[in-house]
Amino acid sequence: MSVTAAKGFTASGVAAGIKENGNPDLALVVNNGPRLDAAGVFTSNRVKAAPVLWSEQVLRGGQVSAVVLNSGGANACTGPLGFQDTHATAEKAADVLGHSAGEVAVASTGLIGLRLPMDALLSGIGKAADALSPHGGAKAAIAIKTTDTVHKTAVVQSADGAWTVGGMAKGAGMLAPGLATMLVVLTTDAEVGAAELDAALRAATRTTFDRVDSDGCMSTNDTVLLLSSGASGTAPDRAEFAEAVRAVCDDLARQLIGDAEGASKDIRIEVIGAATEDDAVEVGRSIARNNLLKCAIHGEDPNWGRVLSAIGTTSAVFDPDQLNVAINDVWVCKNGSVGEDRELVDMRYREVRITADLSAGAESAVIWANDLTADYVHENSAYSS
């Protein structure tokens, strides 16, 4: 259940001293080949962290031999010196591993606006290289945690067991469209070229990570990488491979939502009856970002009026008098007005399902969100200290 589930990969996670609390804070994932094909998608935030800018350049070559990931500092908004730090990180990993720096991706997560303690980080890379193991995936996933309460891994195997897709993720806050603050590394031992990896990854993230909207805040550091070692010696069916990548991304995205900062409810928002998929996504995002609704869900109040008010702020096609809303399968709003008795809605459990029917077409989309709690406010007001 990790980035080392696929053949050809080793990983490690160590405490390099980046975090003052002494917890693990540096991970290394190495592709031992024979292939080094890779693809990546990154934050759409116009303010991009130095490791994002570096890794975007690396991915243009379509090959990645190793990934260095750190928690304890985002290396974002750190200027030219921050980019030099990322370059030095890749150079150090390349030197230790005997690789090319141009094939080493770098990813960072933590506070924005602070330079990393480079002596500790560079020393930690050597320590991580010594600890590399085919069984090191879980330790790598632990090392990239920030406010995460649990580490997150997933794996899917082909129907005939010939090849595997595995992965790890971190993320618990700043989860919003444009990827979500997340770092994700996916690996496969299937024989797949860079172009096909890119197509599968973009298709998967579009309907998984890009539809997680916990708090409406987009990170500067979001990175999702997909690496292929080809170590299985098997070229997969393209559709089966794409579905495996999607399934791993979906699993990890759900784990991100389940661990979101301070949340007590996971909210599945399904928009149906939309004229276009874009309309469905826009409406779903608007509902997900409505703080009044998120507070109501936390209080187990099926306040469907707040759903309608969120729909009304969008440019989607709909007739207000034909809107329908269900909360946990009870249609509390019908034709833009009062529907079934709201007292029938049972909201005691962790998952809350909202269905918004626009009655304007046949398209749909699902967005995942969370409630808004006092714990979320407390954690994000105290985080920098």
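**Exercise 1. State how much surface the protein chain exposes, and decide whether its overall size agrees with a compact globule.**

Step 1. The protein chain exposes about 14900 Å², of which carbon and sulfur atoms supply 49%. Accessible areas come from the Shrake-Rupley method with a 1.4 Å probe, and for residues only the protein chains shown count as cover.

Step 2. Note the source. This is a predicted model, in which local features need pLDDT of at least 70 and side-chain atom pairs count only at pLDDT 80 or more, while totals for chains, interfaces and linings use all residues. Residues are numbered from 1 along each chain as its sequence is written, and side-chain values use heavy atoms, with hydrogens and water left out.

Step 3. A compact globule of 385 residues would have a radius of gyration near 21 Å; the protein chain has 21 Å, so the two agree. The radius is taken over C-alpha atoms, and the globule rule is 2.2 Å times the number of residues to the power 0.38.

Step 4. Along the principal axes, the C-alpha atoms fill a box of roughly 65 × 50 × 35 Å. Of the 385 residues, 55% count as buried (buried means under 20% relative accessible area, exposed over 50%, partly exposed in between, with a 1.4 Å probe and protein chains only).

Step 5. The protein chain has 10 helices and 15 strands (DSSP runs numbered from the N terminus: helices are H or I with at least four residues, strands are E with at least two).

**Exercise 2. Check the length of helix 7 and find what covers its buried residues.**

Step 1. Helix 7 holds 12 residues, 277-288, and at 1.5 Å a residue should span 16 Å. The expected span is 1.5 Å times one less than the number of residues.

Step 2. The end C-alpha atoms of helix 7 are 16 Å apart, so the expectation is met.

Step 3. The buried residues of helix 7 are D279, A280, V281, V283, G284, S286, I287 and A288.

Step 4. Their cover includes strand 10 (266-274), helix 8 (291-298), helix 9 (304-311), strand 14 (351-357) and strand 15 (363-370).

**Exercise 3. Describe the two faces of strand 5 and its pairing with strand 4.**

Step 1. In a regular strand the side chains alternate between the two faces of the sheet.

Step 2. In strand 5, V104, V106 and S108 lie on one side and A105, A107 and T109 on the other, and all are buried. Strand 5 (residues 104-109) is thus mostly covered, with six of its six residues buried.

Step 3. Strand 4 (residues 66-71) runs parallel to strand 5, and six bridges join them (two strands pair if DSSP finds at least two bridges between them). One of the bridge partners is A105 in strand 5, which is matched with V67.

**Exercise 4. Are T4, D266 and L226 buried or exposed, and what do they touch?**

Step 1. T4 sits in the segment before strand 1 (9-14). T4 counts as buried because its relative accessibility is 11%. A polar contact of 2.9 Å joins its side chain to that of S2 (a pair of N or O atoms within 3.5 Å; within protein, one must be able to donate a hydrogen and the other to accept it, and residues adjacent in sequence count only if both atoms are side-chain atoms).

Step 2. D266 belongs to strand 10. D266 has a relative accessible area of 8%, so it is buried. Its side chain makes a polar contact of 3.2 Å with that of N370.

Step 3. L226 is in strand 9 (residues 223-228). L226 is buried because its relative accessible area is 0%.

Step 4. Contact means heavy atoms within 4.5 Å. Leaving aside neighbours within four places in sequence, T4 has contacts including F9, T10 and H135. With residues up to four places away not counted, D266 touches I257, R350 and W368, among others. Leaving aside neighbours within four places, L226 has contacts including D37, L186 and F241.

**Exercise 5. Identify a cis peptide bond and two residues with positive phi.**

Step 1. Most residues other than glycine have a negative phi, and most peptide bonds are trans.

Step 2. G33 and P34 are joined by a cis peptide bond, with omega about 20°. P34 lies in the loop between strand 2 (26-31) and strand 3 (37-42).

Step 3. C77 has a positive phi, near 60°, and lies in the loop between strand 4 and helix 2 (79-97).

Step 4. S359 has a positive phi, near 55°, and lies in the loop between strand 14 and strand 15. At 32% relative accessibility, S359 counts as partly exposed.
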